[in-house]
Amino acid sequence: MKKLNLFSNLKHDLPASIVVFFVAIPLCLGIALASGAPLFSGLISGIVGGILVGFISGSEVGVSGPAAGLAAIVLSAISALGSFEIFLLCVVLGGVFQLVLGLLKAGVIGYYFPSAVIGGMLTGIGLIIIIKQIPYFFGYDAAMTEELGYTGISVFNAINTGSTIIAFIGFGILLLWEKVLSKKGKIFKLIQGPLVAVLVGILYTYFTSGNNTLGLPSKNLVNVPESSDLSGLLSNFVFPDFSAIANQEVWLVALTIALVASLETLLCVEATDKLDEQKRITPKNRELIAQGLGNMLSGFIGGLPVTQVIVRSSANIQSGGKTKVSAILHGVFLLISVMTIPRLLNMIPLSVLAAILFMVGYKLAKPQLFISIYKLGWKQFLPFITTVVGIIATDLLVGIVMGLAVGIYFILVDSYKNSHALIINKGSEGKDKYRIIFAEEVTFINKGPILKELERLPNEAELELDVRNTKFLDFDILDSINDFLSTNAHKKINVDLITERGVFERPLDLYRTVFPHQKTV
């Protein structure tokens with residue numbers, strides 16, 4: 001591990017860490033809200049992601065913490081398992097899986113997921129986030145609706161006026177910052193829109209306190225534990241329920257967390273490395289080890305799953321962060337805030353966090369994304385839209401598998417079609433010569449189109465099978481061709497196999513037993 005030089009870049013890293021801290025607070029709370037988890041758990045994962053993962057990771061500018069991409073998994077898992085403590089066990093086990101993946105040098109797994117499926121995964125997550133935050137945005141009271149009966153009037157009465165007002169104000173601030181002010185100068189990049197929205201929300205809560213019409217009830221505000229000392233703070237941590245370790249669903253959720261968190265981290269690493277002005281390359285296997293250890297600790301003390309996240313990482317880069325000290329300091333600041341200003345955090349309206357998550361979800365599921373992928377053709381669009389629909393209709397893992405299945409189908413179809421090329425040359429005495437040039441890899445799934453090509457050959461045809469550019473030729477292909485020639489001996493087709501020495505792992509004599517007229521060039 002490189003030695004941290006705290007002083008050479010501290011003038012850059014300290015201001016950047018403050019910006020990332022202000023970005024992280026609303027996101028940590030908001031993602032916990034979207035996950036249906038205690039809000040304190042979002043802050044815990046932010047602290048662990050900043051300090052522990054930041055220290056172990058090989059990324060100099062990447063920042064880790066709770067990820068919006070896992071919110072849908074966490075929400076469904078907590079509901080299915082019936083206990084947040086059991087879910088924490090899944091987080092710990094997921095971290096173990098990630099640690100093993102890193103030690104096995106499996107950092108390349110991100111390359112084996114089609115970009116259309118990855119895009120569909122992020123889009124589906126974005127839509128779920130938006131849908132789940134609608135009740136929080138309006139301060140919706142489901143209990144009141146049930147009490148009054150499900151009518152249009154009762155639903156309207158269940159909407160909290162104060163929550164709705166500050167939600168729209170917060171959303172307006174976010175849009176103003178995103179579309180206008182962020183382009184006006186460095187100060188508006190240094191002070192992020194989510195932070196301003198949260199501060200305005202706190203002021204609204206303070207000035208409308210006690211107002212029956214415009215004020216916010218406590219259930220519509222952030223609720224993190226307040227402690228007067230360190231021992232009181234430690235008493236608020238929640239620990240995993242290890243008695244559920246024999247539950248098969250626990251292991252399935254853990255594996256899902258490990259795979260999705262690893263994939264999201266690796267994708268973020270790729271994006272972050274591209275944004276890094278110094279173009280440093282993050283060691284991916286070490287990153288998986290760091291994330292695995294981070295998730296083990298986060299789950300053990302009551303935190304959400306941790307991944308490297310692009311919003312905080314890009315904010316770090318844009319704010320001038322140079323080394324991992326920035327990520328570590330942002331985690332330290334989160335820890336200090338939990339210990340010193342919990343009362344201030346508890347004045348943040350949940351509807352403002354919902355507005356922030358609306359923006360997060362929108363960025364993941366922009367309408368332009370659907371259009372751009374549609375323009376790439378059906379081979380990209382169908383896996384993409386299948387993944388999106390699958391995630392919304394079922395769950396994240398099933399949606400990804402559905403998208404992969406569609407993507408693999410197109411790969412198999414292309415492989416089926418592109419196994420060979422037929423060239424017809426005019427021979428002597430006006431007799432055509434036929435040559436089938438095989439692709440680089442030819443497997444048993446290509447038997448159908450090749451045999452159809454042979455069936456169209458005329459009697460007494462001169463055929464050359466050219467495998468000089470073929471690195472893998474399934475013996476099933478040669479066996480099928482031999483069977484065809486045997487059953488169609490009356491057509492008197494003469495076949496030469498053109499090979500190049502050293503191409504095949506199998507001895508050439510094996511092919512000579514099938515094609516005695518083999519030519520080696």
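**Exercise 1.** Which residues in H8 are buried?

*Solution.* Keep in mind that this is a predicted model. Start by pinning down the helix: H8 covers residues 161-179. Next, go along H8 and pick out what is buried: Gly-162, Ser-163, Thr-164, Ile-166, Ala-167, Gly-170, Ile-173, Leu-174 and Trp-177. Finally, take a look at the start of H8, where Asn-160 has a side-chain oxygen within 3.2 Å of the backbone nitrogen of Gly-162.

**Exercise 2.** Work out what span H8 should have, and check it against the model.

*Solution.* First, H8 has 19 residues. Then use 1.5 Å a residue, which gives an expected span of 27 Å. Now turn to the C-alpha atoms at the two ends of H8: they are 27 Å apart, so the model agrees with the expectation.

**Exercise 3.** Find where Ser-83 sits, and decide: is Ser-83 buried or exposed?

*Solution.* Begin with the location: Ser-83 belongs to the loop between helix H3 (71-81) and helix H4 (84-103). The relative accessible area of Ser-83 is 17%. Buried means under 20%, so Ser-83 counts as buried. One last step is to check its side chain: a polar atom there lies 3.3 Å from the backbone nitrogen of Ile-86.

**Exercise 4.** Describe how S4 pairs with S3 and with S6.

*Solution.* Take S3 (residues 420-426) to begin with: seven bridges link this strand to S4 (residues 432-438), in the antiparallel sense. One residue pair to look up here is Ile-424 with its bridge partner Tyr-434 in S4. Now move on to S6 (residues 462-466), which runs parallel to S4 and is joined to it by five bridges. There, Asp-466 in S6 stands opposite Ile-437.

Conventions
Residues are numbered from 1 along each chain as its sequence is written. This is a predicted model: local features need pLDDT of at least 70, side-chain atom pairs count only at pLDDT 80 or more; totals for chains, interfaces and linings use all residues. Side-chain values use heavy atoms; hydrogens and water are left out. Helices (H or I, at least four residues) and strands (E, at least two) are DSSP runs, numbered from the N terminus. The expected span of a helix is 1.5 Å times one less than its number of residues. Buried means under 20% relative accessible area, exposed over 50%, partly exposed in between (1.4 Å probe, protein chains only). A polar contact is a pair of N or O atoms within 3.5 Å; within protein, one must be able to donate a hydrogen and the other to accept it, and residues adjacent in sequence count only if both atoms are side-chain atoms. Two strands pair if DSSP finds at least two bridges between them.
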